[in-house]
Amino acid sequence: SLSTAIDKKFLKNPIVKGYDKVEEEDFVREVINAFWKKYKDCRFEEMLPKIAFFAPSIDILTNKLRPEIETVLIELGIDTSKILVNVGDDKITTNDDLREFRNLDRPISEKQFILLVNKRQEGWNCRSLFGVALFRKPQSTIFVLQSTMRCLRSVEPSQLNGHIYLSNENYQILSNELESNFNMNLDNFGKKDARISR
């Protein structure tokens with residue numbers, strides 16, 4: 001079961017944060033600040049830790065999410081070249097981007113902020129992924145469960161954490177999906193951070 005795999009340290013330990021009454025730009029800023037504070041100077045098996053942001057559409061990713069992420073990175077003095085976009089549109093995602101995407105789990109990868117759309121990357125496994133962020137509600141509720149699982153693949157012998165940042169709406173969806181699919185709730189889904197209210 002999922003809980004057994006976590007308990008036996010076959011997966012990263014999930015830490016879930018739900019955000020209430022947070023505007024999207026504030027959500028992006030808080031998530032990036034939290035991620036960077038934890039992982040700024042880290043490497044695991046020589047790989048840089050990464051976080052994936054999921055957008056509900058290419059338009060929102062391109063015109064809203066990416067500019068917001070770029071703004072926060074600039075504020076923190078982080079090079080925006082650490083962003084990688086993979087949306088399945090060759091006008092936006094180049095062959096070089098796809099090559100970078102395939103190399104995410106290699107020490108040569110310098111990408112750390114991965115921008116994706118909800119409907120893509122089924123079955124994507126990235127061991128160096130340490131966080132996922134999902135603010136807007138996707139079209140499919142099962143996607144919330146699927147996207148949160150992306151950051152739980154284990155890396156290194158000791159159990160590390162996978163950080164899951166969700167709007168309260170998606171937080172509740174995850175709770176429902178865990179109950180429906182694994183007969184478990186967020187209380188026994190790894191450690192549980194306190195909800196954040198703004």
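Q: How many cavities of 30 Å³ or more does the count give?
A: The model is predicted. A probe the size of a water molecule, rolled over the atoms, shows where empty space remains. With 30 Å³ as the lower limit, the count comes to one cavity.

Q: How much space lies in the largest cavity, and which residues lie nearest its centre?
A: The largest cavity holds about 90 Å³ of space. Its lining is made up of 13 residues. Those nearest the centre are E24, F54, L65, F135 and R136.

Q: Which elements give two or more residues to the lining of the largest cavity?
A: The lining of the largest cavity counts 13 residues. Two helices and two strands each give two or more of them. These elements are helix 2 (24–39), helix 3 (58–75), strand 2 (50–55) and strand 5 (129–134).

Q: What is the make-up by class of the lining of the largest cavity?
A: E24 and R136 lie among the residues nearest the centre, and Glu and Arg count as charged. The lining has no polar residues. By class, the split is two charged and 11 nonpolar.

Q: How far apart in sequence are E25 and R29, and what is their N to O distance?
A: Both residues sit in helix 2, four residues apart, so about one helical turn separates them. E25 is partly exposed at 39% relative accessible area. R29 is partly exposed too, at 22%. Their side chains meet in a salt bridge with an N to O distance of 3.8 Å.

Q: Which residues are linked with E25 in a network of salt bridges?
A: Side chains of opposite charge can pair when their charged atoms come close. The structure holds nine salt bridges. In the network, E25 is linked with R29 and E75.

Q: Which parts does the salt bridge between K82 and E110 tie together?
A: The closest N and O atoms of K82 and E110 are 3.8 Å apart. K82 lies in the loop between helix 3 and strand 3 (83–86), and E110 in the loop between helix 4 (95–102) and strand 4 (113–117). The pair therefore ties together parts that are 28 residues apart in sequence.

Q: Is K82 buried or exposed?
A: Its partner E110 is partly exposed, with 42% relative accessible area. The cut-off for buried is under 20%. K82 has 16% relative accessibility, so K82 counts as buried.

Q: What is the N to O distance between D96 and R99?
A: D96 and R99 lie three residues apart in helix 4, about one turn. R99 is partly exposed, at 43% relative accessible area. The two side chains meet in a salt bridge at 2.5 Å.

Q: Where does helix 3 bend, and by how much?
A: Helix 3 has 18 residues, which should span 26 Å at 1.5 Å a residue. Its end C-alpha atoms are 24 Å apart, in agreement. A proline, P67, follows the bend within four residues. The bend is at L65, by about 35 degrees.

Q: Which residues of helix 3 are buried?
A: Buried means under 20% relative accessible area. L65, where helix 3 bends, is one of the buried residues. The list is I60, L61, L65, E68, I69, V72 and L73.

Q: What is phi of E45, and what is phi of E46?
A: Most residues other than glycine have a negative phi. E45 and E46 have positive values. E45 lies in the loop between helix 2 and strand 2, as does E46. Phi is near 50 degrees for E45 and about 70 degrees for E46.

Methods:
Residues numbered from 1 in each chain as written. Predicted model: local features only at pLDDT ≥ 70, side-chain atom pairs only at ≥ 80, totals over all residues. Heavy atoms only, no water. 1 Å grid on protein atoms, 1.4 Å probe; cavity = no way out; pocket = protein on both sides within 12 Å on 5 of 7 lines; lining within 4 Å. Points joined across faces, edges and corners; volume = space filled by probe spheres on them. Salt bridge = Lys/Arg side-chain N within 4 Å of Asp/Glu carboxyl O. Buried < 20%, exposed > 50% of the residue type's maximum accessible area, 1.4 Å probe, protein only. Expected span 1.5 Å × (residues − 1). Bend = angle between axes of the 7 residues up to and from the residue.
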